[in-house]
Amino acid sequence: MAASMKGRSFVSVSDFSVEELWQVWELAARLKSMVKSGQPHRLLEGKQLAMIFQKPSLRTQVSFETGMSQLGGHAMYLGPDHISLGKRESVPDVARVLGRMVDGIMARVFGHSDVEQLAEYAGVPVINGLSDEEHPCQTLTDLFTIYERLRRLQGVNLTYIGDGNNVAASLLLGAAKVGMNITLISPDGYEVKPQYVQRAKADAARSGARLQFSSDPDDVAGSDVVYTDTWASMGQETETEARARIFKSYQVNSDLIRQTGGIPLIMHCLPAHRGQEITDDVMDSPNSVVFEEAENRLHVQKALLALLI
């Protein structure tokens, strides 16, 4: 265990050094092996995790709840009817109350500032399970999954095609930090926000990662990994039809995969809208790691919990 990480929060991929990211992945690999072989690993015996949900979830709730159980602890679900952050009570007050009762907090929210305030006032580790701005647990899992398959991250060519959303922003930060080349392909007006590009460029200058940005869906040649996500995220439901028209040519299908010139890994953070951003034949192909990626949320987040709490 890395004592230096105890008590820390994980709000953004930027919060961890490269060495700390590898500590998480090394422990995740060990814990995954222990699960597969049936070895107990109750590293958080008696610990309590509060899980705040403003948004519905399958993978986030099940992975954190199962993870805490396997680690010997307990996770409690606090949905929108339990906590109305900033409405029924202020975020700092919720943080102060929970921090006196639990050992850690996971928050899946709309406003990124809510996670930041929870981390500022709780006095216990806070993990960003997703915000409108970033999805750091997903990126930790994505990079771990790529390493499992390719046995390297440095110099891997990752192409993300679709909306420049929270997943894309966190992937950009993570790739830049570990020296992975990343190309982000999005329609004009739907790019990753400039502040994430600037942060990534600073890390890329140190790691040697190559960052490229395009609006041309044909710019996929040489990709080792092709990644996509839903075109309309939660909270953007009113834009669904308009986005479907704008993103139509950004679908990850067999024609696009052929243009890579190879057999890239296929990734999607789920839930997938089959027939929209990705076709069945690509998502279910032998080189798809979509469901490995989903499973690895459990193992990577368990490592994160064990290191922080």
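## A buried asparagine in strand 4

Asn 128 counts as buried, because its relative accessibility is 0%, and a residue is called buried when that value is under 20%. The model in which this is seen is a predicted one. Asn 128 lies in strand 4, and its side chain reaches the backbone nitrogen of Ser 131 at 3.4 Å.

Once the neighbours within four places in sequence are left aside, the residues in contact with Asn 128 are Phe 10, Val 11, Ala 107, His 112, Val 115, Glu 134, Pro 136 and Cys 137. Asp 281, by contrast, stands 153 residues from Asn 128 in sequence and 33 Å from it in space, taken from C-alpha to C-alpha.

## The four-stranded sheet

Strand 4 belongs to an open sheet of four strands, ordered 2-1-3-4 and paired in parallel. Its edges are formed by strand 2 (74-78) and strand 4 (126-130), each of which pairs on one side only. From one strand to the next, the twist averages 20°.

Helix 2 (residues 59-70) packs on this sheet, where it touches strand 1 (48-53), strand 2, strand 3 and strand 4, and its direction makes about 175° with that of strand 1. Helix 4 (residues 112-121) also packs on the sheet, touching strand 1, strand 3 and strand 4, with a direction at about 165° to that of strand 4.

## Pairing and connection within the sheet

Strand 3 (residues 104-108) and strand 4 run parallel and are joined by four bridges; Arg 108 has Leu 130 in strand 4 as its bridge partner. Strand 1 and strand 2 are likewise parallel, paired over five bridges, and here the bridge partner of Ile 52 is Leu 78 in strand 2. Strands of a sheet pair through backbone hydrogen bonds, in either the parallel or the antiparallel sense.

The connection between the latter two strands can also be described as a unit: strand 1, helix 2 and strand 2 make a right-handed β-α-β arrangement.

## The buried faces of helices 3 and 4

In helix 4 the buried residues are His 112, Asp 114, Val 115 and Leu 118. Viewed down the helix axis they fall within an arc of 160°, so they line one face of helix 4. These buried residues pack against strand 1, helix 3 (91-99), strand 3 and strand 4. Two of the residues named here, His 112 and Val 115, are also among the contacts of Asn 128. After helix 4 comes Gly 123, which has a positive phi near 80°.

Helix 3 has its own set of buried residues, namely Val 91, Pro 92, Val 94, Ala 95, Leu 98 and Gly 99. Around the axis they cover an arc of only 160°, which puts them on the same side of helix 3. The elements that cover these residues include strand 1, strand 2, strand 3 and helix 4. An α-helix has 3.6 residues a turn, so residues three or four places apart point the same way.

## The five-stranded sheet

A further open sheet contains five strands in the order 7-6-5-8-9, and its pairing is parallel. Strand 7 (211-214) and strand 9 (265-268) stand at its edges with a single partner strand each, so that one side of each lacks a neighbour in the sheet. Neighbouring strands of this sheet are turned against each other by 20° on average, if direction is ignored.

Within this sheet, four bridges join strand 5 (residues 157-161) to strand 8 (residues 225-228), the two strands running parallel, and Tyr 160 stands opposite Tyr 227 in strand 8. Helix 5 (residues 136-150) lies across strand 8 and strand 9, and runs at about 165° to strand 9.

## Gln 301 and its contacts

Gln 301 lies in helix 11 (residues 290-308). Because its relative accessibility is 1%, Gln 301 counts as buried. Its side chain and that of Ser 63 are joined by a polar contact of 2.8 Å.

With neighbours within four places in sequence left aside, Gln 301 is in contact with Ser 63, Phe 64 and Cys 137. Cys 137 is also listed among the contacts of Asn 128, the buried residue of strand 4 with which this report began.

Terms used: Residues are numbered from 1 along each chain as its sequence is written. This is a predicted model: local features need pLDDT of at least 70, side-chain atom pairs count only at pLDDT 80 or more; totals for chains, interfaces and linings use all residues. Side-chain values use heavy atoms; hydrogens and water are left out. Buried means under 20% relative accessible area, exposed over 50%, partly exposed in between (1.4 Å probe, protein chains only). A polar contact is a pair of N or O atoms within 3.5 Å; within protein, one must be able to donate a hydrogen and the other to accept it, and residues adjacent in sequence count only if both atoms are side-chain atoms. Contact means heavy atoms within 4.5 Å. Two strands pair if DSSP finds at least two bridges between them. Axes are lines fitted to C-alpha atoms, for helices over the stretch in contact, and angles run from 0 to 180 degrees between N-to-C directions. A crossover is right-handed if, with the strands pointing away from the viewer, the path from the first strand over the helix to the second runs clockwise. The arc is that of the directions from the helix axis to the C-beta atoms.
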